[in-house]
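Here's a walk through one protein model, taken a piece at a time. Keep the viewer open and follow along.

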Amino acid sequence: MANNYILPFEDVIDWNLAIIRIHENNFGSILKILEGVSSQKIKELKEQGSWLFKKYFKDLKTITMTMFDILNDRVFPHQAKSLKQWNTRTYSTPSAQNPLFLPMQAPKSQGFTAVILTYDRIESLFTLIQKVSVVPSLQKILVIWNNQKKSPPHPSMFPKISKPLKVIQTKANKLSNRFYPYDEIETEAILTIDDDIVMLTADELDFGYEVWREFPDRIVGFPSRIHIWDNTTQRWKYESEWTNQISMVLTGAAFHHKFWSYMYTNSMPGGIKEWVDEHMNCEDIAMNFLVAILQTNLRLKSLPERSSSAPNAQTPKCCPLT
């Protein structure tokens, strides 16, 4: 009971879930206010208060680690926990590991990992492996074998290349397997590429990686598309014709930061990932919208707050696509 009193770690801890705040000018009404609190509410406040203490305050080490967690969220806002995650007892960290940071420009020396999603097109797969393997920036090739009815070729049958190659056989035939943040991906850059994209040259792929290095928060690739609003049908239209404008890059041949694979796997909202896997389509659109929305949210968080009554304040109605 103190006006303007700042409680510990109040920027991330929602103390209203654990305490009852009473303004100083209501000092004479303390008993009336407390008598109006239900027994169920008191139980919830006690449970939350006990959990907050054990989670963030029980000893000096815990308090120090809480402080470091808050600093980490400030330094790397793209991986910061939400207020709900800070204050929810049932929240648990996903099994896949979140990348440590998303730099303004990726290091040139690190290179990229090529993730090839395949099912049963052996000839084109081997051709693609040979082409990708000679790209100077390539560090490793992962072949994601999406066929559960048939085993992948024996390692002795694969082309002999100078770069590391590993085959991962998935447990289910899902398009989302191409975006899973596999432990074998040690580079920040990922080239997702279909097993039949054999027309790109080593120079083109190396150029694509260099462009991605300048824009590591974007999807950088080769096949492009545009989505436009059709006033006649009152629906969004997906256009595949070549135009001077684009709004998305197909992930059948594109570079992206492994952070986006983590977010696609763990934070795709609204059952979209499940819909994509069920219909075996539209993973490109889902990934592009995810990247665009998260980029927009991060930009909005970095802007200074403005009063909603200000004449120039505008509520964003949509977000730009990559």
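Before we start naming loops, a word on numbering: helices (H or I, at least four residues) and strands (E, at least two) are DSSP runs, counted from the N terminus. With that in hand, M280 is easy to place, since M280 lies in the loop between helix 8 and helix 9. We'll come back to that loop. One thing to keep in mind throughout is that this is a predicted model.

Now for the overall picture. The protein chain comes to nine helices and nine strands. Of its 322 residues, 39% are buried. If you take contacts between residues at least 6 apart in sequence, 71% of them join residues at least 24 apart.

Let's zoom in on helix 5, which covers residues 122-133. Its twelve residues reach 16 Å from the first C-alpha to the last, close to the 16 Å expected at 1.5 Å a residue. Which of its residues are buried? The list is S124, L125, F126, L128, I129, V132 and S133. These buried residues pack against strand 1 (112-118), strand 2 (138-145), strand 3 (165-169) and strand 4 (189-194), and also against helix 6 (202-214).

Further along the chain, look for an open sheet of three strands, ordered 7-6-8 with antiparallel pairing. Strand 7 (235-239) and strand 8 (248-249) are the edge strands, each pairing on one side only. Strand 6 (residues 224-230) runs antiparallel to strand 8, and two bridges join them. To find the register, put S224 opposite V249 in strand 8.

Strand 7 turns up again in the second largest pocket, where strand 7, helix 7 (258-267), helix 8 (272-279) and helix 9 (283-302) each supply at least two residues of the lining. This pocket holds about 450 Å³ of space. Which element gives the most to the lining? That's helix 9, with six residues. The lining has 19 residues, and I272, I285, A286, F289 and L290 are the ones nearest the centre. By class, 16 are nonpolar, two polar and one charged.

Finally, a bit of backbone geometry. Most residues other than glycine have a negative phi. M280, back in that loop between helix 8 and helix 9, has a positive phi near 55°. F9 also has a positive phi, near 55°, and sits in the segment before helix 1 (30-35). Are these two buried or partly exposed? F9 is buried, with a relative accessible area of 19%, whereas M280 is partly exposed at 36%.

Technical notes:
Residues are numbered from 1 along each chain as its sequence is written. This is a predicted model: local features need pLDDT of at least 70, side-chain atom pairs count only at pLDDT 80 or more; totals for chains, interfaces and linings use all residues. Side-chain values use heavy atoms; hydrogens and water are left out. Two strands pair if DSSP finds at least two bridges between them. The expected span of a helix is 1.5 Å times one less than its number of residues. Buried means under 20% relative accessible area, exposed over 50%, partly exposed in between (1.4 Å probe, protein chains only). Contact means heavy atoms within 4.5 Å. On a 1 Å grid over the protein atoms alone, a cavity is a set of points where a 1.4 Å probe fits but cannot get out, and a pocket is an open set with protein on both sides within 12 Å along at least five of seven lines; lining residues have an atom within 4 Å of a point. Grid points are joined across faces, edges and corners, and a volume is the space filled by probe spheres set on the points. Ala, Val, Leu, Ile, Met, Phe, Trp, Tyr, Cys and Pro count as nonpolar, Asp, Glu, Lys and Arg as charged, and the others, Gly among them, as polar.
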